[in-house]
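Q: Could you walk me through reading a few features off a model like this one?

A: Sure, let's take a look together.

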Amino acid sequence: MNIALIGYGRMGHEIESAALDRGHSIKLIIDRDNLADLNAAGMKGVDVAIEFTTPETALNNIARCLEMKTPVVSGTTGWLREYEVATEICRKNGTAFIHSTNFSIGVNILFRLNSELARLLTGHPEYSPFIEEIHHTRKLDAPSGTAITLAEGINRSHSDYNGWRFETEEGKMQIPVRSVREGLVPGTHTVVWDSEIDTLSLKHEAKGRKGLALGAVIAAEYISSRKGVFTMNDVLGF
């Protein structure tokens, strides 16, 4: 595949390495200094765009690619109130789009296990959930998109909960989430179900950004020849 990288920070560099390792080519790199190059001429010959930028710029970047009928993989978080706008642009232009709060294969297995555990604990009110996420101090959004996805998975699978809240806030029917920003931690997510008798927990600890980058490239391979809106469940066959 010929790939356009939209965003060339630390994640962009990791994605570049993962793509090259899998035999792909980087056709175009877009960063803050050359946004004007995100145009029809620059995108000529591009099979798929992988977008990791900022909450403020994500939708515009995604929309521009989709309007040029280029499939888009997006891992930017913090902009998802406008997610439906992106999916509509995708369908209108007959191309492909996939967004995930976390492309790591391990994290997506965690998402699946999290939903199944919440389903199994429905009817057991003695257990209450708690989510903690720890990231490096440069992470812009809190809670992380991954933590929010975990909370949404519990909400869908467990009838006693509706929404999430920061742990310092009040809300009996909402899942408390703790966000910690420290050092250079690439990402640790823990889901805890606690009772007076025992504690159940699920944990994913990233060792770096390589898992995210590899998952994004695998997602790009999946959508490059397809049309429609997809999730990582589609990619992984869940």
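Q: Which side chain has a polar atom 3.4 Å from the backbone oxygen of glutamate 167?

A: Keep in mind that this is a predicted model. The side chain is that of arginine 165, with a polar atom 3.4 Å from that oxygen of glutamate 167. The arginine 165 side chain also reaches the backbone oxygen of glycine 171, at 2.9 Å.

Q: And where does arginine 165 lie?

A: You'll find arginine 165 in strand 7, which covers residues 164-166. Leaving out residues up to four places away in sequence, arginine 165 touches Glu170, Gly171, Gln174, Ile175, Pro176 and Val177.

Q: Is arginine 165 buried or exposed?

A: Buried, and yet arginine 165 has no salt bridge. A salt bridge here needs the charged atoms within 4 Å, while glutamate 170, the nearest side chain of opposite charge, is 6.0 Å away.

Q: On to sheets: what should I look for?

A: Strands of a sheet pair through backbone hydrogen bonds, parallel or antiparallel. In this model, one open sheet has 6 strands in the order 2-1-3-4-5-11, with parallel pairing. Strand 2 (25-30) and strand 11 (228-230) each have a single partner strand, so one side of each lacks a neighbour in the sheet. On average, neighbouring strands of this sheet are turned by 20 degrees against each other, ignoring direction.

Q: How many bridges join strand 1 to strand 2?

A: There are 5 between strand 1 (residues 2-6) and strand 2, and the two run parallel. For a spot to click on, try isoleucine 6, which stands opposite isoleucine 30 in strand 2.

Technical notes
Residues are numbered from 1 along each chain as its sequence is written. This is a predicted model: local features need pLDDT of at least 70, side-chain atom pairs count only at pLDDT 80 or more; totals for chains, interfaces and linings use all residues. Side-chain values use heavy atoms; hydrogens and water are left out. Helices (H or I, at least four residues) and strands (E, at least two) are DSSP runs, numbered from the N terminus. Buried means under 20% relative accessible area, exposed over 50%, partly exposed in between (1.4 Å probe, protein chains only). Lys and Arg count as positive and Asp and Glu as negative; His and the chain ends are not counted. A polar contact is a pair of N or O atoms within 3.5 Å; within protein, one must be able to donate a hydrogen and the other to accept it, and residues adjacent in sequence count only if both atoms are side-chain atoms. Contact means heavy atoms within 4.5 Å. Two strands pair if DSSP finds at least two bridges between them. Axes are lines fitted to C-alpha atoms, for helices over the stretch in contact, and angles run from 0 to 180 degrees between N-to-C directions.
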